[in-house]
Amino acid sequence: MQQQKIIAIMGPTASGKTAAALAIAREVPAEIISVDSALVYRDMNIGTAKPNAEELAAARHHLIDIIDPSEAYSVAQFLSDSARLVKEIQERGKLPILVGGTMMYYKALINGIDDLPPADPAIRAQLDADMAEIGAPGLHARLAQVDSITAARLQPNDSQRIQRALEIYQLTGQAMSALIAQQPRAAAPFDLLPISLEPSERSFLHDRIAKRFDLMLEQGFIDEVRALKSRPELNADLPSIRCVGYRQAWDYLGGSINYQEMRERGIIATRQLAKRQLTWCRSIPDRHIVDCTKDNINQQVLQCAFANR
């Protein structure tokens, strides 16, 4: 274990995490590791609210623009990448700062993940073909025959997790639920100092989310999604296109909803995401809470970061 805890700035979308991380980076030599499952995708800039050129230049960033939207990035990959990056950043004599709102990544860092076999391209291709033929409910029914426990906890339309469970069964001949029960969980080789940006008033976050979504639309978000939709290898079931905002814009461009419906659904989906993020943050008993509605949010983060390490 490292002697010093690794700073982790978490919280709901639009709470000011990037600015808080850069405030620390202005005080000490630091590098930022993104904890965001949407920022990993190239060509998805506006809808993911990626750091702009000025912010990227202020401190070195990692795990941004690392895969194509046609590809998948797993929790296991994040856990491995973040552990490697923390070590490399510390060896360069800098402070690693984990920043983002993808809570399943933080959960893996804190609680560990199950050691399951990596993806197999051939099996995944066959499952993709089966998905196109019988759909997620059909694959869910197939999963229920070989792993009833996993099938019972998954929704019939949860295509990504259903395919993963079937892939594991085909690779090992065992149900994923049985493998998980047999194996210890692997966690990251460092401790976190969780700093959670949370609003004291829910309306504050709701207003910021609506304004940010409208700003993304003004910046050309629909054109960004149109460019993605023009690529024949991309579809609405991919993890990249299921990102909040992208799915709604994809449906709008497909003609199933109008512009106003797209905007309203995008904002609602983002608010729902923020609610889930807050619920998870509040489950961490040793987190340091910073009220993101206050004007001195960055000063609060700095105080937490350097007083508790």
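Good morning. I begin with strand E7, residues 192–198: seven of its seven residues are buried, so the strand is largely enclosed by the rest of the structure. I should say at once that this is a predicted model.

The covering of E7 applies to both faces. On one side, Leu 192, Pro 194, Ser 196 and Glu 198 are buried; on the other, Leu 193, Ile 195 and Leu 197 are buried as well.

Which strands pair with E7? Strand E1, residues 6–10, runs parallel to E7 and is joined to it by five bridges. Strand E8, residues 288–291, also pairs with E7 in the parallel sense, over four bridges. Ser 196 may serve as a point of reference here: Met 10 stands opposite Ser 196, and Ser 196 stands opposite Ile 289 in E8.

I turn now to an annotated region. An unreviewed UniProt entry places the feature "binding site" at Gly 11, Pro 12, Thr 13, Ala 14, Ser 15, Gly 16, Lys 17 and Thr 18. I shall consider two of these residues, Ala 14 and Thr 18.

Ala 14 is found in the loop between E1 and helix H1. Is Ala 14 buried or exposed? Its relative accessible area is 8%, below the 20% limit, so Ala 14 counts as buried. Apart from neighbours within four places in sequence, Ala 14 is in contact with Leu 205, Arg 208, Ile 209 and Arg 212.

Thr 18, by comparison, has its place in helix H1. With a relative accessible area of 28%, Thr 18 is partly exposed. Leaving aside neighbours within four places in sequence, Thr 18 is in contact with Glu 55 and Val 99.

My last topic is the aromatic residues. How many aromatic pairs does a search of the whole structure find? The search finds six. In one of them, the rings of Tyr 106 and Trp 280 have centres 6.5 Å apart and planes at 25°, so this pair is stacked. The pair links distant parts of the chain, with Tyr 106 in helix H4 and Trp 280 in helix H12, 174 residues apart. Tyr 106 and Trp 280 are both buried.

The rings of Phe 221 and Tyr 246 have centres 5.0 Å apart, and their planes stand at 90°, so that pair is edge-to-face. Phe 221 lies in helix H10 and Tyr 246 in helix H11, so the pair ties together parts that are 25 residues apart in sequence. Both Phe 221 and Tyr 246 are buried.

Finally, Tyr 73, Phe 78 and Tyr 105 form one aromatic cluster. Thank you for your attention.

Methods: Residues numbered from 1 in each chain as written. Predicted model: local features only at pLDDT ≥ 70, side-chain atom pairs only at ≥ 80, totals over all residues. Heavy atoms only, no water. Buried < 20%, exposed > 50% of the residue type's maximum accessible area, 1.4 Å probe, protein only. Helix = DSSP H or I, 4+ residues; strand = E, 2+ residues; numbered from the N terminus. Pairing = 2+ DSSP bridges. UniProt positions renumbered as here; feature names shortened; annotations may be inferred. Contact = heavy atoms within 4.5 Å. Phe/Tyr/Trp six-rings, centres within 6.5 Å; stacked < 30°, edge-to-face > 60°.
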